[in-house]
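Hi,

Here is the structure we talked about, with my notes underneath. Have a look at it first, then read on.

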Amino acid sequence: GRPKKSIDGYKQLLSNESAKRNMVVSGHGDEKKKDMVWKDHYHLNEKTLEYGDKTAQIIDFGIFDMQDRLVTTYQRNETYQVKMKVRFFQAVDNPIYAITFKDITGLEVAGTNTMQESIETGTADAGQLNLITFQAKFPFQNQAYFLSFGCTRFDEQGKLQVLHRLY
């Protein structure tokens, strides 16, 4: 049907080749914004589902325009950066970082992750703070969306291990 075609189109736009080239994982927090808590500028969902073994913790997140300014609203078809800060409490090989956009009914309309984009994330050491940046054009209609974050990995047996998720 028509809605499925639109949702598939949004997913393709968000995880296209330019998104792959514009995804960054760095081992250092954003120094010029280190005192600002980004998530405090948003209306957070009171019913956030938070889970995982907390080997890592998503400690902050925000959406930024191309001038690196924190934004709380967006313009359709403009390019933005979704950033998240993840603190590791033990060493983790090849963590997978993910973002997912959902509409107000909970329907997933777009998302991507570092594994899907074939991004090697290396090893995060205990105590390390990683800043992850996903950059993409926002094709969404101007309405409210929920943004979910995740940090996972595959263990030695190939089983998905959820380190921390905010859904």
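One cut-off before anything else: I call a residue buried when its relative accessible area is under 20%, exposed when it is over 50%, and partly exposed in between. Please also keep in mind that this is a predicted model.

With that cut-off, Asp65 is an easy call: its relative accessibility is 10%, so it counts as buried. You'll find Asp65 in the loop between β3 and β4 (70–71). Its C-alpha sits 4.8 Å from that of Tyr80, although the two residues are 15 apart in sequence.

**The overall picture**

The protein chain has two helices and twelve strands. Both helices come before the strands: starting from the N terminus, the order is α-α-β-β-β-β-β-β-β-β-β-β-β-β. Of the 167 residues in the chain, 44% are buried.

**Salt bridges**

How many salt bridges does a search of the whole structure find? The count is four, and here are some of them.

Asp65 comes up again here, since its side chain meets that of Arg69 in a salt bridge, at 2.8 Å from N to O. As noted, Asp65 is buried, because its relative accessibility is 10%.

Then there is Lys83 with Asp68, where the closest N and O atoms are 2.7 Å apart. This pair links distant parts of the chain, as Lys83 is in strand β5 (residues 78–88) and Asp68 is in the loop between β3 and β4, 15 residues apart. Are these two partners buried or exposed? Lys83 has a relative accessible area of 5%, so it is buried. Asp68 comes in at 18%, so it counts as buried too.

Glu156 and Arg153 make another salt bridge, with 3.9 Å between the closest N and O atoms. Here the partners fall on opposite sides of the cut-offs. Glu156 has a relative accessible area of 65% and is therefore exposed, whereas Arg153, with 14%, is buried. As a general point, side chains of opposite charge can pair when their charged atoms come close.

**Pockets**

Rolling a probe the size of a water molecule over the atoms shows where empty space is left. The largest pocket holds about 890 Å³ of space. It is lined by 33 residues, and those closest to its centre are Tyr42, His43, Tyr145, Phe146 and Leu147. Which elements give two or more residues to this lining? They are β3 (56–64), β7 (96–102), β11 (146–154) and β12 (160–166). The largest share comes from β3, with six residues. By type, the lining residues of the largest pocket split into 19 nonpolar, eleven polar and three charged.

The second largest pocket has about 230 Å³ of space. Its lining has 18 residues, and the ones closest to the centre are Ala98, Thr112, Asn113, Arg165 and Tyr167. The elements giving two or more residues to this lining are β7, β8, β11 and β12. Here β8 contributes the most, with five residues. The lining of the second largest pocket divides into eight nonpolar, seven polar and three charged residues.

Back to Leu147 for a moment, one of the residues closest to the centre of the largest pocket. Leu147 is found in strand β11. Its relative accessible area is 23%, so it is partly exposed. Leu147 and Leu166 are 19 residues apart along the chain, and 8.8 Å separates their C-alpha atoms.

**A nonpolar patch on the surface**

Which residues make the nonpolar surface patch? Met115, Phe154 and Leu160 do, and the patch covers about 270 Å². Met115 lies in the loop between β8 (108–113) and β9 (123–124). Its relative accessibility is 47%, so Met115 counts as partly exposed.

If you open the model, a good place to start is the loop between β3 and β4, which holds both Asp65 and Asp68. From there you can move on to the largest pocket, where β3 gives six lining residues.

Cheers

Technical notes: Residues numbered from 1 in each chain as written. Predicted model: local features only at pLDDT ≥ 70, side-chain atom pairs only at ≥ 80, totals over all residues. Heavy atoms only, no water. Patch = residues over 30% accessible without salt bridge, like charges linked within 9 Å, V, L, I, M, F, W, Y side chains within 5 Å. Areas by Shrake-Rupley, 256 points an atom, 1.4 Å probe, with all protein chains shown as cover. Helix = DSSP H or I, 4+ residues; strand = E, 2+ residues; numbered from the N terminus. Buried < 20%, exposed > 50% of the residue type's maximum accessible area, 1.4 Å probe, protein only. 1 Å grid on protein atoms, 1.4 Å probe; cavity = no way out; pocket = protein on both sides within 12 Å on 5 of 7 lines; lining within 4 Å. Points joined across faces, edges and corners; volume = space filled by probe spheres on them. Nonpolar A, V, L, I, M, F, W, Y, C, P; charged D, E, K, R; others polar.
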